[in-house]
Every structure is written in structure tokens, then in C-alpha cells.
Amino acid sequence: MTSPAALKPADLTAAIFAGCMIAFLGFGFAATFGVFLGPMSADLGWGRETFSLSVAIQMLTWGFAQPVAGMIADRFGTARVLAVGAVCAGVGFALRGVVTDPTQFVLTGILVGAGTGAASFPIVIGALGKIVSPERRSFIMGLGTAAASLGMFVAAPAATAMIGGIGWQTALLVIGASFVLILPFLVFIARAASPTAGGSSARDFGNALGLAFTDRSYLCLFFGFFVCGFHVAFIQTHLPAYVTDIGLAAWVGGWSLALIGLFNIAGSFFSGWSGQVWSKKWVLSGIYFARAVVITAFILVPVSEASVLVFSALMGLLWLSTVPLTMGLVAQTQGLKFLSTLAGLVFLSHQTGSFIGAWLGGRIYDLNQDYTPMWWAAVALGLFAAVIHLPIREEPGPLALAEGG
């Protein structure tokens with residue numbers, strides 16, 4: 001591993017900038033694909049479950065790809081993983097603009113999920129977390145997360161405008177091509193982020209996983225992050241359609257996702273900063289409790305343009321603000337050597353929640369023409385997550401102690 005002290009300041013700055021640009025490019029359109037649900041389902045005559053299932057498979061494949069990509073990044077370097085991921089995600093999105101068979105469309109979720117799992121911001125912020133000092137780690141991870149949120153803010157209205165201007169098929173081809181822009185930035189990542197577990201055997205990785213999963217703190221992070229995935233996937237997939245269902249204009253749905261991305265820039269910065277000065281577990285618990293409160297208020301208040309936009313702004317503050325704190329706690333409790341691998345497994349739990357949130361939302365809507373049960377499930381899970389983070393011990397666990405010793 002390249003230590004922070006061994007890096008030239010210019011190389012470190014370039015790597016952080018490149019990482020933020022990769023997070024910006026790799027996350028935005030993947031996170032706002034829900035704006036395509038209405039026009040694609042209407043044009044192709046699909047129920048919402050077809051679209052939702054493709055997104056759900058994308059999320060789940062992303063989750064399974066994440067720890068594999070993390071292991072490869074730990075052993076062979078991050079840049080190669082990001083390159084393969086960018087190409088896979090780009091091809092997957094382009095195919096979505098071409099195929100019209102429901103089964104083929106659902107299966108594109110596998111390719112997009114594998115690509116985003118290897119080229120998304122969790123891999124990037126894991127790399128950034130390794131090359132900065134422990135004192136700056138939480139903030140830099142928050143910076144990378146904020147860059148991903150900026151991508152979401154830009155992508156949602158851009159995708160909506162492209163759908164209206166050039167049609168959803170051409171828009172998806174443009175989105176697929178945009179992933180090529182990631183490749184030039186990998187030069188700067190390769191210079192700074194060397195492998196941290198080079199030479200480690202499969203047994204070494206197995207031992208690391210065994211130690212991590214006997215640590216109560218890691219288990220709490222693993223199961224708590226499931227809730228974040230459920231919230232994020234359900235809302236980003238179904239909120240635009242929910243908005244049009246109640247008679248509001250399509251722009252409200254697009255800008256609801258854009259506002260989530262915009263306000264999450266501030267939320268991510270605050271989250272990264274707060275992790276340096278306050279207890280990470282208490283901040284995480286507070287974020288999940290606040291989500292439950294905000295969703296409850298949204299359910300109970302009459303829905304209007306104003307209520308949707310206010311809800312989006314508040315959820316934006318709480319959106320990916322869990323990421324720097326969760327990843328920071330993984331690093332703090334489990335060490336850096338296998339950080340990408342262990343963070344990837346935590347993200348698998350997140351994406352399992354995403355699969356359920358995206359797919360079940362479409363399933364319940366097709367059965368009942370109503371999203372209400374999903375909103376209340378989101379509230380209950382938010383309260384669960386607020387509680388499950390409290391037993392975390394914010395100190396090095398067995399794996400981190402073994403690495404240090």
C-alpha cells in the first residue's frame with residue numbers, strides 16, 4: 001500500500017480529484033434510471049414489475065460484484081477494476097436502449113450491475129480512504145460521496161430532458177457512451193492507489209472474512225446497511241412514477257431525484273466532517289431515525305409539488321450520508337489491508353436491500369395500484385437501523401489488531 005506520507009502532494013491531490021470525477025460519472029445515471037420507468041413501460045406495454053425487476057437484478061448483481069471487485073482491487077489494484085467496470089456498465093446501458101423483449105431487458109440488469117459494482121463510488125472511496133491519513137479519511141470519503149451525489153443531481157434532469165428531446169432509446173445510448181469518460185482519470189488513480197493485499201492467498205482472505213464476521217461491530221454495519229439500500233432503491237426507482245400517478249407533472253419526478261442529489265452533497269460533506277468530530281455510530285443512528293421521521297411526515301401530509309420537493313430535499317440530506325460513516329467504521333474496526341473486500345461485503349447487504357426495495361415496490365404496485373405498504377415498510381426499517389447501530393464498538397476489532405500486530 002502506498003502510504004499517505006510517501007505520496008507527493010500533487011499526486012495525492014490528482015488522485016482525489018480523479019476519484020471524485022469517477023464517482024460523479026459512474027453513479028449519476030445509474031442512480032436516476034427510475035426516470036425511464038414511466039416512458040419505457042408506456043411505450044413497450046410493460047407492467048412496472050418488468051422494469052423494477054431489471055433494476056432489482058442490477059442492484060443485486062452490483063452487490064455481488066462489489067466484494068469480488070474489492071478483492072481484486074485489494075490484490076491487484078483499483079484502476080484495472082474501474083476500467084473493466086466502466087466498459088461493462090456502458091455496454092449494459094446501451095443495450096437497454098436497443099432491446100425490446102422484456103426478458104432481455106431484465107437480463108441487462110446483470111451487465112449493468114456488474115459494471116457499476118466495479119466502477120461505482122464504493123470502490124473509489126475505498127481507494128481514497130487508503131491513501132489519506134486516518135484523521136482525514138472520513139472527510140475524504142464524504143467528499144467522494146458528495147461527488148457521486150453531484151452526479152445524481154446533474155443526471156436526473158439531464159436524463160429527463162434527453163427523454164423529452166431525443167427519446168428514451170437514444171438517451172440510453174448517450175448514457176452508455178458517457179461511461180467511457182471514466183477511463184482517462186484512471187491514470188491518476190493507478191499512480192496513487194497500489195494494492196494493499198498483494199501476495200495474499202485465498203486462505204488469507206478467508207481468514208480475514210472469518211474474523212470480521214465474528215466481530216459484533218462489523219455484523220451491525222452489515223445488517224444496518226441493508227436498510228439504506230432498501231430506502232435508496234425504492235425511492236429512486238419509484239418516486240418519479242409515484243409523482244405522476246397522483247397527477248403531478250413529469251418534471252416534478254425528475255427534479256425530485258435531482259434535489260436528492262443536490263442536497264446530498266451537503267449531507268455527505270456534513271457526514272464526512274461529523275465522523276471526524278463525533279461518534280460515527282451515533283450519527284448513523286440519528287440519520288436512520290431522521291429518515292423514518294421524514295418518510296412518516298411525507299405519508300401523512302397531502303401530496304403536492306411543494307411536499308414532494310421538500311421531502312426530496314430532506315431525504316437528500318440523509319441519502320448517502322450513511323456511506324462515509326459506514327465505510328469509515330469498517331476501516332476503523334477492521335483495518336485497511338482488506339478494506340475494499342470487507343466494504344464490498346457490507347455493500348452487498350446494501351444491494352440486497354436495494355433488490356427488495358426496487359422489485360417489491362413494482363410488485364406491490366402492480367397488485368394493489370398503491371405504494372402505501374412500501375412507505376410504511378421503509379419507516380419500520382428506518383427505526384430498526386437506528387437501533388442496530390448502537391452496539392457498535394468504535395475501536396479496532398480482531399482483524400485490525402491482527403493487521404497492526
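Is I246 buried, exposed or partly exposed? In this predicted model, I246 is partly exposed, because its relative accessible area is 39%, a value between the cut-offs of 20% for buried and 50% for exposed. The residue sits in the loop that joins α10 to α11. From I246 to S271 the chain runs 25 residues. The C-alpha atoms of these two residues are 34 Å apart.

The two helices on either side of that loop pack against each other. Helix α10 covers residues 216-245, and helix α11 covers residues 250-277. Their axes lie 7 Å apart, at an angle of about 150°. This angle is over the limit of 145 degrees, so α10 runs roughly antiparallel to α11. The two helices cross in a right-handed sense.

Helix α10 also holds H238. This histidine has a relative accessible area of 1% and is therefore buried. Between H238 and G316 there are 16 Å in space, taken from C-alpha to C-alpha. In sequence, H238 and G316 are 78 residues apart.

A further partner of α10 is helix α15, which spans residues 339-368. Here the axes are 6 Å apart and the packing angle is about 35°. The crossing of α10 with α15 is right-handed. Nonpolar residues number 17 in this contact, polar residues 11 and charged residues 1.

Helix α15 packs against α3 as well. Helix α3 is formed by residues 48-76. An angle of about 175° separates the two directions, and the axes are 8 Å apart. Helices α3 and α15 are therefore roughly antiparallel. Their contact contains 19 nonpolar residues, together with 11 polar and 5 charged ones.

Beyond α15 comes a loop that leads to α16, residues 372-388, and Q369 is located in this loop. The phi angle of Q369 is near 55°. That value is positive, although the residue is not a glycine. Most residues other than glycine have a negative phi.

Aromatic contacts were searched across the whole structure, and 24 pairs were found. One of them joins F355 and W359, whose ring centres are 6.3 Å apart. The ring planes meet at 20°, so this pair counts as stacked. The cut-off for stacking is an angle under 30 degrees. Both residues belong to helix α15. They are 4 residues apart there, which means a separation of about one helical turn. F355 has a relative accessibility of 21% and so counts as partly exposed. W359 is likewise partly exposed, because its relative accessible area is 25%.

Aromatic residues also gather in a cluster. Its members are F33, F36, W46, F51, F93, F105 and F179. One of these, F93, has a charged neighbour in R96. The charged end of R96 sits over the ring of F93, at 5.5 Å from the ring centre.

Two further residues were examined for accessibility and for distance along the chain and in space. I166 is part of helix α7, which extends over residues 134-178. With a relative accessibility of 43%, I166 is classed as partly exposed, because this value falls between the limits for buried and exposed. The sequence separation of I166 and L320 is 154 residues. Their C-alpha atoms are 31 Å apart in space.

V310 belongs to helix α13, which is made of residues 305-318. Its relative accessibility is 48%, so V310 counts as partly exposed. V310 and Q332 lie 22 residues apart in sequence. The distance in space between V310 and Q332, C-alpha to C-alpha, is 35 Å.

Definitions and conventions
Residues are numbered from 1 along each chain as its sequence is written. This is a predicted model: local features need pLDDT of at least 70, side-chain atom pairs count only at pLDDT 80 or more; totals for chains, interfaces and linings use all residues. Side-chain values use heavy atoms; hydrogens and water are left out. Axes are lines fitted to C-alpha atoms, for helices over the stretch in contact, and angles run from 0 to 180 degrees between N-to-C directions. A crossing is left-handed if the near helix is turned anticlockwise from the far one by less than a right angle, and right-handed if clockwise. Ala, Val, Leu, Ile, Met, Phe, Trp, Tyr, Cys and Pro count as nonpolar, Asp, Glu, Lys and Arg as charged, and the others, Gly among them, as polar. Angles under 35 degrees count as roughly parallel, over 145 as roughly antiparallel, 65 to 115 as roughly perpendicular and the rest as oblique. Rings of Phe, Tyr and Trp (its six-membered ring) pair if their centres lie within 6.5 Å; planes under 30 degrees apart count as stacked, over 60 as edge-to-face and the rest as tilted. Buried means under 20% relative accessible area, exposed over 50%, partly exposed in between (1.4 Å probe, protein chains only). A charge sits over a ring if NZ of Lys or CZ of Arg is within 6 Å of the ring centre and within 35 degrees of the ring normal.
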